[in-house]
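Trainee: Could you take a close look with me at one part of this model, the helix that carries the salt bridges? I would like to see how that part sits within the chain as a whole.

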Amino acid sequence: MSAQTNTNSNKENTKSIGRFLKETKGELKKVHWPNKKELTKYTGVVLMTCLFMTVLVWAVDSGIGFLLKLMLNR
């Protein structure tokens with residue numbers, strides 16, 4: 001009896017995986033994929049944001065380190 005149930009379970013899993021892949025393919029067709037110009041623009045925005053955040057974190061870290069040195073030396 002458990003072998004019967006296991007076989008049915010495998011068939012249901014195969015059907016659900018197939019349905020999932022079919023639905024995923026349908027959803028990917030709805031996506032607006034950027035063209036080369038948009039992709040270049042978006043990449044530049046991401047790189048500039050990363051650079052800005054890196055400089056910001058460095059500045060805050062340096063400032064806190066400087067203040068700690070002043071407080072601990074006195």
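Mentor: Happily; here is a walk through that helix, followed by a look at its neighbour for context.

Please keep in mind that this is a predicted model. The chain has two helices and zero strands, and the one you ask about is α1, residues 2-30.

Two salt bridges are counted here. Let us take R19 and E23, which form one of them, with their closest N and O atoms 3.9 Å apart. The cut-off for such a pair is within 4 Å, and 3.9 Å meets that limit. Both residues belong to α1 and lie four residues apart, about one turn of the helix. As a general point, an α-helix has 3.6 residues a turn, so residues three or four places apart point the same way. R19 counts as exposed because its relative accessibility is 52%, and the mark to pass is over 50%. E23, at 49%, is partly exposed.

Now move along to K30 and E27, whose side chains meet in a salt bridge at 3.2 Å, N to O. These two are three residues apart in α1, so about one helical turn separates them. K30 is exposed, with a relative accessible area of 64%, whereas E27 is partly exposed at 47%.

How does this fit the rest of the chain? Of its 74 residues, 0% count as buried. The accessible surface comes to about 7,400 Å², and carbon and sulfur atoms account for 68% of that.

The other helix, α2, covers residues 36-73. At its start, a side-chain oxygen of N35 reaches to within 3.2 Å of the backbone nitrogen of K37. The 38 residues of α2 should span 56 Å at 1.5 Å a residue, and the end C-alpha atoms are 55 Å apart, so the two values agree.

There is also a nonpolar patch on the surface, formed by F52, M53, L56, V60, I64, L68, M71 and L72, with about 820 Å² of accessible area together. F52, one of these, is placed in α2 and is exposed, because its relative accessible area of 52% passes the mark of over 50%.

To put your helix back in view, α1 holds the R19 and E23 pair as well as the K30 and E27 pair.

How values were computed:
Residues numbered from 1 in each chain as written. Predicted model: local features only at pLDDT ≥ 70, side-chain atom pairs only at ≥ 80, totals over all residues. Heavy atoms only, no water. Patch = residues over 30% accessible without salt bridge, like charges linked within 9 Å, V, L, I, M, F, W, Y side chains within 5 Å. Areas by Shrake-Rupley, 256 points an atom, 1.4 Å probe, with all protein chains shown as cover. Buried < 20%, exposed > 50% of the residue type's maximum accessible area, 1.4 Å probe, protein only. Expected span 1.5 Å × (residues − 1). Polar contact = N/O pair within 3.5 Å; in protein donor to acceptor, adjacent residues only side chain to side chain.
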